[in-house]
Amino acid sequence: MAFEQRGRSGGSRMRTSGFSPSRGRDDESTESKPAREKKPPTPERLEQRARNVLLHQLARSAKSTQQLRKILENREIPSEIAERVLERFTEVGLIDDAAYAETIVNSRRNFEGLSKSAIKRELNEKGVPAPLIESAIESITAEDDFEAAKELAARRIRQMSALTRDVRERRLAGYLGRKGYPSSVVFAAIKFAESQIESV
């Protein structure tokens, strides 16, 4: 009887000592470990990131300095680093606002038929400096705008020959207006296009 009691008593002690101390040590070690904080990127890493962002953007399409500046800002690149990288890209000719403005002018005139005022507005929105805008569009005269509007109207009206004159003129007015031409040019261009239809 005495042996059985000692056995039960010893077993009880073993079970008690078998789980509580070790679990307590685990809890303490877990709580004592400090949370690992993420180190902020170094200026060198930020500058490299800025260069990579600019190269990626310029590989997709040409952009103005202001557009690229805004992109770097959205990528949380500090302004002093962004300006330094933008300046370096400008020095080596990867960023050229004057050439960019000329490209936009040629594209919008030759492929979209936009008016001088519409192109100027777009360049302003893209952040091109005002002197460069004026230099890029100065060769476009009022006569150039009128000729471009006439060509657009004459081409467009051929697709509307089945419509009544009122409908044609209303649609042409909306079409040329969206290209940025003033009402005086729009009406003169429509009149020219109608005369072309009547002479066929």
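Let's start with one residue: Thr65 sits in helix H3. Helices here are DSSP runs of H or I with at least four residues, strands are E runs of at least two, and both are numbered from the N terminus. Is Thr65 buried or exposed? Thr65 counts as buried, because its relative accessibility is 15%. The cut-offs are these: buried is under 20% relative accessible area, exposed is over 50%, and partly exposed lies in between, with a 1.4 Å probe and protein chains only. Thr65 is in contact with Leu86, Ile95 and Asp97, leaving aside neighbours within four places in sequence. Contact means heavy atoms within 4.5 Å.

A word on the model. It is predicted, so local features need pLDDT of at least 70 and side-chain atom pairs count only at pLDDT 80 or more, while totals for chains, interfaces and linings use all residues. Residues are numbered from 1 along each chain as its sequence is written, and side-chain values use heavy atoms, with hydrogens and water left out.

How confident is the predictor? pLDDT is its confidence in each residue, from 0 to 100. The mean pLDDT of the protein is 87. Of its residues, 80% reach 70 or more. Now look at residues 1–25. There pLDDT stays under 50. For that stretch the model has one contact beyond four places in sequence.

Next, the overall picture. How many helices and strands does the protein have? The count is ten helices and zero strands. From the N terminus on, the elements run α-α-α-α-α-α-α-α-α-α. The protein has 200 residues, and buried residues make up 31% of them. Take the contacts between residues at least 6 apart in sequence: 59% of these join residues at least 24 apart.

Now helix H2, residues 43–60. H2 has 18 residues, which should span 26 Å at 1.5 Å a residue, and its end C-alpha atoms are indeed 26 Å apart. The expected span is 1.5 Å times one less than the number of residues. Which residues of H2 are buried? They are Leu46, Ala50, Val53, Leu54 and Gln57. Seen down the axis of H2, these buried residues fall within an arc of 95°, so they line one face of the helix. The arc is that of the directions from the helix axis to the C-beta atoms. There is a general rule behind such faces. An α-helix has 3.6 residues a turn, so residues three or four places apart point the same way. The face of H2 turned away from the buried side carries exposed Glu44, Arg45 and Ala59. What covers the buried residues of H2 includes H3 and H4.

On to the loop between H3 and H4. Glu76 is found there. Glu76 is not a glycine, yet it has a positive phi of about 65°. Glu76 is also exposed, with a relative accessible area of 67%.

Then comes H4, residues 79–91. H4 has 13 residues and reaches 18 Å from its first C-alpha to its last, close to the 18 Å expected. Its buried residues are Ile81, Ala82, Val85, Leu86 and Phe89. Seen down the axis of H4, they fall within an arc of 130°, so they too line one face of the helix. On the other side of H4, Ser79, Glu80, Arg88 and Glu91 are exposed. What covers the buried residues of H4? The cover includes H2 and H3. Recall Leu86: Thr65 of H3 is in contact with it. Just after H4, Gly93 takes a positive phi of about 85°.

Further along the chain, we reach Thr141. Thr141 is in the loop between helix H7 (130–137) and helix H8 (142–157). Thr141 is partly exposed, at a relative accessible area of 38%. Thr141 and Lys116 are 25 residues apart in sequence, but 8.1 Å apart in space, C-alpha to C-alpha.

Inside H8 we find Ala148. Ala148 counts as buried, at 16% relative accessibility. What does Ala148 touch? Not counting residues up to four places away in sequence, Ala148 touches Arg109 and Tyr181. Ala148 and Val185 are 37 residues apart in sequence and 9.9 Å apart in space, C-alpha to C-alpha.

Last, the charges and rings. A charge sits over a ring if NZ of Lys or CZ of Arg is within 6 Å of the ring centre and within 35 degrees of the ring normal. The charged end of Lys150 sits over the ring of Phe192, 4.7 Å from its centre. The charged end of Arg156 sits over the ring of Tyr175, 4.2 Å from its centre.

How values were computed. pLDDT is the predictor's confidence in each residue, from 0 to 100.
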